[in-house]
Amino acid sequence: MRSQSWNNVSLCKYNVTEKRWSLNGTLINLGLDRRRRLSGGNLIISSLDRYQDVGMYQCMAFNAAGAVLSRRASLQFAYLDHFKVHTRSAVSVREGQGVVLLCGTPTSSGDLTYAWVFNEYPYFVQQDNRRFVSQQTGNLYIAKVEASDVGNYTCVVMNSVTKGKVQSSPTSLILRTDGVMGEYEPKIEVNFPDNVPAAKGSTVTLECFALGNPVPEITWKRANGVPFPSKVKMKYSNAVLEIPSFQQEDTGGYECVAENKMGKNIATGRLAFYAKPQWMQAMKDTALAIEERLYWECRANGKPKPSYTWLKNGQQLIRVEDGVLSVSALTLSDAGMYQCVAENKHGVIYFAAELMVLASPPDFTGNVLRALLKAKAGTTVTLECKPQAYPTASILWKKGNLPIQTSERITLSPDGTLRLANVSKSDAGSYTCFARNRFGMSSTTGRLLVTDPTGITQGPVDMEIIVGESIVLPCQVTSDPVLDISFSWAFNGQLIAKGDGHFELVETQLSGDLMIRNIQLYHAGKYICVVDTDVESLSAVAVLIVKGPPSPPESVTVEEVTDSTAQLAWSPGRDNGSPITHYLIQTRTPFTVGWQRVNTVPELIDGNTLTATVVDLNAWVEYEFRVLAKNSVGVGEPSPVSVKTRTEDAVPDAAPGDTGGGGGSRAELVITWEPVPEELQNGESFGYIIAFRAFGEVSWTHVATSAPGASRYVYRNDSIAPFSPFHVKVGTYNSKGQGPFSPVVTIYSAETEPSGMPAGVWARSVSASEIEVNWQPLSFSPERVLGYEVAYWEDDTKPETMGKVRVPWNQTSVTVSGLAGNTQYFLTVSAFNTAGTGPFLPAINLFLNPAAPSQPPLNVEWTLIGSELSLYWEPVVATESESEVTGYQRHKEVNKLTTANSTAELTLGEEDDDYIIHIQTLSEGGLGPASDPIRIHQLSKLVVHSRGENHSSTASLSTYGLTGTSVAQNLQQCINIYIYIFFFFTRCKLIHLSLFEPDMDSLFSVDSPLLVSPASLAGLVQAHILPKYAAQSISLSKVDFLIY
């Protein structure tokens, strides 16, 4: 290390009030030294000087308790001086002779490394079994000189700390001319000391190199013959032995053997283990009363064994070989900071502790008697009297004003503790402890209250319960009224916390019951009710057994499979408090919806059986299985699903269903069937065998198809007569063989289209969107006729846009609807069967009239005199795109009447029936929309007149429930009807005068029906009727006496 690379040095720090530093045992006067200063306890040295600042530093720290010394710190400076400049003499040797070239290391400090340059830089000497550069001496050793070694050698030295490097003057190696050196035995030139100390964990390096001719071979061994551990390394042709992480077991003698054919040489030495001191036991800060005895001991290990020194406030007290400091009777002057120092030649360690010497009168602060102490009768009460007093105080107890006398039941311990055994009510009272030493006296007082024992009168009991139920575990007590009682519950050793959704603590003054709602399996276990009072704690235990459906069975395996069976095995799950009575097995396939129960052998699997055979399975289907367990509580959750297992294949046992056919094209026999579901195909390579024969033949024709989803086969042969009967059947097969055939059915070959053409085709327009088409049926046809087809289209140049309507063979007309008005249509009629349609006559055409008027008749008025009804309405005028109005049609219930005028006269029946009338326009485009319906209630004694606006007439007050005994009441009821009941009304308008009470007779003589205008009737009622019934408060503004 070079001094100019250091700006400052930090050595130690104590969190204390004052710090002082010394160098080589001399106090540093910081007031006179500008280069040295303190910073937070650290010593800062600026402009380091290699000669002034080198040495051993130590810090002493002070506080109110005393002073302590830091461990010593050595400050050394690494440096490397230059070689002395001078010419080195040449070294002359014979060839075959050994030689040592000296480095002559300059003065230095710090670890050094050595290398040699041969002739010129950067050609360094390469070390091998003949050449070696010692890192201990720096010299170059050549065991046997050869002609190639002649040249100049320069020693290069580098400081590992400062990284500085210096070179020596070159040394010339030349060969003598007086002959070659003969062979000679090895001579060890590089050796290691007889005794090498090594620290634990360090890396130890031993060097050994010999000169000789021939070149010697180097070997190593331990004096005790123990082989080297694997960590030991050999370097530079065994010239260096390296032992990393040195341990106690590596100590002992080591031998280096150099040998050639001329002889051998041995170097020996011993590795000694050393260790710096380390603390094994140390003292700690201690507070003792005056006159007490101090005994401190510190122990450290190390090799060699460390010696001990004790310091007080930084000053040496005495050298103690065994590390023990003892003071028989402490005084106040013994207080301070003490340090135990352990030291051997490899290091020194310090440990500090404070000794406080205490002197004070008794003080009960923080340790007074409880103001009120409750105790259960029959127990032992302990009253502690532990004042803080230095030296220890003498103790005196009093109950009330009387000193306490000890006995077998009442005892007093040396530390002042008072014990009362088997207390009773008579022991209750005030207790005082008096403490005294030479510095003063103090006391503390408390009161003892003796209570009656607490008892649990009703505790929880062992129970069995079903999952999902709720219970209450009781916990009721009797207790002394002066005691505070608290209840808590524990479940399987864990306290039940509030807020748990299943648990609720129901408390009263003397009970703390536990309610458990919706019990689950995991609630089974031990429940403890804990009752705590001021003086004792009691508990009661109950075991709750929860029964539930069994847990899922486990490890479901399929052990043996056939084409229709599977043998299962499983392991039982937990029975959850109720023995398993039997098992259920369910299966699932790709063809089922969800899980389904299966048949088993045995049919009923009891709870002790863990195997069963599933039967009635389909062949060649992939199955999954699961098992459920059942007990007296119910059925549990299913087991994990088994591995998918496919049943073995088998010959098909299902035939196709719904075999039939027919139709198709000429010379074809079409055969159809319902395919067999995949789950019933029983194996691979599934297909169908189609068999057919003409009616009356004996032999069958067989055709096979390998498509498992096929449902249709067409046999073509020009020799097949149209509509000929055939027997057909369809069978199945797979890779295992042929399955069954379906029942034989009769079908017919394809037929030909009808050859005849319907005659007498004509059509008429029914409305703007409908055409009625008529024709004559075919009188004879060699082909079968199933019906007739009417084709129609708008544009004769585009028949592909046609629409078609078909009707049965016994129908000779049809109405085509949904057509466009004001449009020309073309129509044809032909016969058809399953082979298609036959020929038809040239198309006829028909022009559809424009649409009927879209406006209904408006402003309908009517007059009813007796049974004669007169109707009036405004004529409807058609638009340019609509058909002209040719008349009107009136609908009365189910009757229709037609007129060309905008008026009509109707005679209603004598029976008291109601009528609904609406009016529609007539045109070549059909009927137009109807007017709003008119409802007429037949009256025998009323002549009325109305304008039709979706209104209807009323016969009498009683028709609408006007059953009051006075006109005013009936008027009020009419108002109510006006407000609440519409019944096709918007205003209440009709009152028949002949039904009024005699209140009206004074105004009118009603011998025949009257026609009363609204204004006249309103005036009559206002002038003559309402004053008499003014108390009814009827407002005529809410009543309009008009008939609909």
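## A walk through the strands, cores and salt bridges

Strand β10 and strand β14 (residues 140–142) run antiparallel and are joined by 3 bridges, where strands (E, at least two residues) and helices (H or I, at least four) are DSSP runs numbered from the N terminus, and two strands count as paired if DSSP finds at least two bridges between them. This is a predicted model, in which local features need pLDDT of at least 70 and side-chain atom pairs count only at pLDDT 80 or more, while totals for chains, interfaces and linings use all residues. Residues are numbered from 1 along each chain as its sequence is written, and side-chain values use heavy atoms, with hydrogens and water left out.

Within the pairing of β10 and β14, L101 stands opposite L140 in β14. The two strands belong to an open, antiparallel sheet of 3 strands in the order β10-β14-β13, whose edge strands, β10 (99–101) and β13 (131–133), each pair on one side only. From one strand to the next the twist averages 15°, with axes taken as lines fitted to C-alpha atoms (for helices over the stretch in contact) and angles running from 0 to 180 degrees between N-to-C directions.

Another open sheet has 5 strands in the order β36-β44-β43-β39-β40, and here the pairing is mixed. Its edge strands are β36 (372–376) and β40 (402–403), each of which pairs on one side only. Strand β39 (residues 394–399) runs antiparallel to β40 and is joined to it by 2 bridges, with K399 standing opposite L402 in β40.

Towards the start of the numbering, β3 and β4 pair in the antiparallel sense over 4 bridges, and R37 stands opposite I44 in β4. The hairpin of these strands has 2 residues between them, and in it G40 takes a positive phi near 60°. In a regular strand the side chains alternate between the two faces of the sheet. For β4 both faces are covered, since N42 and I44 on one side and L43 and I45 on the other are all buried; buried means under 20% relative accessible area, exposed means over 50%, and partly exposed lies in between (1.4 Å probe, protein chains only).

The same hairpin leads to the salt bridges, each defined as a side-chain nitrogen of Lys or Arg within 4 Å of a carboxyl oxygen of Asp or Glu. The structure holds 30 of these salt bridges. One of them joins R35 to D53, with the closest N and O atoms 2.9 Å apart. This pair links distant parts of the chain, as R35 lies in the loop between β2 (26–27) and β3 (36–39) and D53 in the loop between β4 (42–45) and β5 (55–63), 18 residues apart. D53 counts as buried because its relative accessibility is 0%. Both residues also take part in a network of salt bridges that links D33, R35, R36 and D53.

A further salt bridge brings together the side chains of E464 and K547, at 3.0 Å from N to O. Because E464 lies in strand β46 (residues 463–466) and K547 in strand β54 (residues 537–547), the pair ties together parts that are 83 residues apart in sequence. E464 counts as exposed, because its relative accessibility is 52%.

Further along, E772 forms a salt bridge with R764, the closest N and O atoms being 3.0 Å apart. E772 is buried, with a relative accessible area of 19%, whereas R764, at 38% relative accessibility, counts as partly exposed. S767 is found in strand β72 (residues 759–767) and, at 11% relative accessibility, counts as buried. A polar atom of the S767 side chain lies 3.3 Å from the backbone nitrogen of E770.

In soluble globular proteins, nonpolar side chains tend to be buried together. A nonpolar core is here a set of buried Ala, Val, Leu, Ile, Met, Phe, Trp, Tyr and Cys residues joined through side-chain atoms within 4.5 Å. The largest such core has 21 residues, of which V204, L206, W220, I243, F246, C256 and L271 touch the most other members. Two or more residues are given to this core by each of β19 (195–199), β20 (204–207), β22 (217–222), β24 (240–243), β25 (252–260) and β26 (263–281), and the largest share, 4 residues, comes from β26. Leaving aside residues up to four places away in sequence, L206 touches F192, V196, W220, A239, V240, L241, Y254 and L271, contact meaning heavy atoms within 4.5 Å. Apart from this core lies another, of 20 residues, among them L369, A389, W397 and I410.

Methods: Polar contact = N/O pair within 3.5 Å; in protein donor to acceptor, adjacent residues only side chain to side chain.
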